[in-house]
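These are my notebook entries on a single protein chain. I set down what I looked up, one topic at a time.

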Amino acid sequence: MAPPAFERRRAGAEAQAVYVQAVGKELLAALEEPELLARFAAARDGEDLGRLRPALPHLGGVVADPELAVRLTTGRARLTDAFGGQGERLARFATAGQEVDFDPMAAPLQRHRLEGGWVSLAELAAVAGVTVVEPAAVAGELVTAQAATVRAAGR
């Protein structure tokens, strides 16, 4: 077990050289891992809260108003397939340290949302071929997870 950092700084030159070599070997071994970048991105995504912006008065839910616009509060988000407890297929939207599972029907909404910027509920509904109710519900869940914010369109 390596001594605490403050003790290593006070160690002699030979002990410091041995320590640096050991750290170097660990770094080189880590760089050989095929999943290193994927693990790094997942860890970073889990920590990046982005720019938190309250979505008042939408914290209690987003009304199905086609004029409302929604935007992610972080630039680091991803959409993956997942499976629920009964084996049902889900769309998992992960951002801002949160994972929110949706019906796969919501995947087109989420993919469009990943492109960034403000998107109206009407536009999201058109992309997914659904009524405005569905994107409003998805936006409400993301607002609750502090992963999105909502405003009146054109503001």
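Before listing neighbours I fixed the term: I call two residues in contact when heavy atoms lie within 4.5 Å. I also note at the outset that the model is predicted.

**Entry 1. V63 and its neighbours**

I looked up V63 first and found it in the loop between α3 (36-47) and β1 (68-72). Leaving aside residues up to four places away in sequence, I recorded that V63 touches L68, L121 and A136. I then took the C-alpha atoms of V63 and P135: they are separated by 9.7 Å, with their positions 72 residues apart along the chain. Is V63 buried or exposed? I list V63 as exposed, because its relative accessible area is 51% and the class begins over 50%.

**Entry 2. The chain as a whole**

I counted 6 helices and 6 strands in the secondary structure. Read from the N terminus, the order of elements is α-α-α-β-β-β-β-α-β-α-α-β. Of the 155 residues, 30% count as buried. I noted an exposed area of about 9,700 Å², of which carbon and sulfur atoms supply 56%. Among contacts with a separation of 6 or more, I found that 58% come from residues 24 or more positions apart.

**Entry 3. Helix α2**

I turned to helix α2 (residues 13-31). From its first C-alpha to its last, α2 reaches 27 Å with its 19 residues, close to the 27 Å expected at 1.5 Å a residue. How many of the 19 residues of α2 are buried? The count is 0, and I describe the helix as hardly covered.

I next checked for nonpolar surface and found a patch of about 340 Å² made by Y19, V20, V23 and L27. V20 belongs to α2. I class V20 as exposed because its relative accessible area is 57%.

**Entry 4. Helices α5 and α6**

In helix α5 (residues 121-128) I listed L121, L124, A125 and A128 as buried. Why do I say that the buried residues line one face of α5? Viewed down the axis of α5, they fall within an arc of 100°, so they line one face of the helix. As background, an α-helix has 3.6 residues a turn, so residues three or four places apart point the same way. Just after α5, I noted that G129 takes a positive phi of about 70°.

Helix α6 (residues 133-144) has 12 residues, and I read its span from first C-alpha to last as 17 Å, close to the 16 Å expected at 1.5 Å a residue. Its buried residues are P135, A136, V138, A139, G140, L142 and V143. Just after α6, I found a positive phi of about 60° at Q146.

I add here that L121, a buried residue of α5, and A136, a buried residue of α6, are both among the residues that V63 touches.

**Entry 5. M105**

I located M105 in the loop between β4 (98-102) and α4 (107-114). Not counting residues up to four places away in sequence, M105 touches V130 and E134. From M105 to A128 I noted 7.8 Å between C-alpha atoms, at 23 residues apart in sequence. With a relative accessible area of 35%, M105 is partly exposed.

**Entry 6. Salt bridges**

Side chains of opposite charge can pair when their charged atoms come close. I found a count of 2 salt bridges.

One of them joins the side chains of D81 and R89, at 2.9 Å from N to O. D81 is exposed, at 53% relative accessible area, whereas R89 counts as partly exposed at 48%.

I also found D101 in a salt bridge with R92, where the closest N and O atoms are 2.7 Å apart. D101 is partly exposed, with a relative accessible area of 32%, and R92 is partly exposed with 23%.

**Entry 7. L79**

Last, I looked up L79, which is found in strand β2 (residues 77-83). Its C-alpha lies 9.6 Å from that of E99, and the two are 20 residues apart in sequence. I list L79 as partly exposed because its relative accessibility is 22%, and buried would require under 20%.

Note on methods: Residues numbered from 1 in each chain as written. Predicted model: local features only at pLDDT ≥ 70, side-chain atom pairs only at ≥ 80, totals over all residues. Heavy atoms only, no water. Helix = DSSP H or I, 4+ residues; strand = E, 2+ residues; numbered from the N terminus. Expected span 1.5 Å × (residues − 1). Buried < 20%, exposed > 50% of the residue type's maximum accessible area, 1.4 Å probe, protein only. Patch = residues over 30% accessible without salt bridge, like charges linked within 9 Å, V, L, I, M, F, W, Y side chains within 5 Å. Areas by Shrake-Rupley, 256 points an atom, 1.4 Å probe, with all protein chains shown as cover. Salt bridge = Lys/Arg side-chain N within 4 Å of Asp/Glu carboxyl O. Arc of directions from axis to C-beta.
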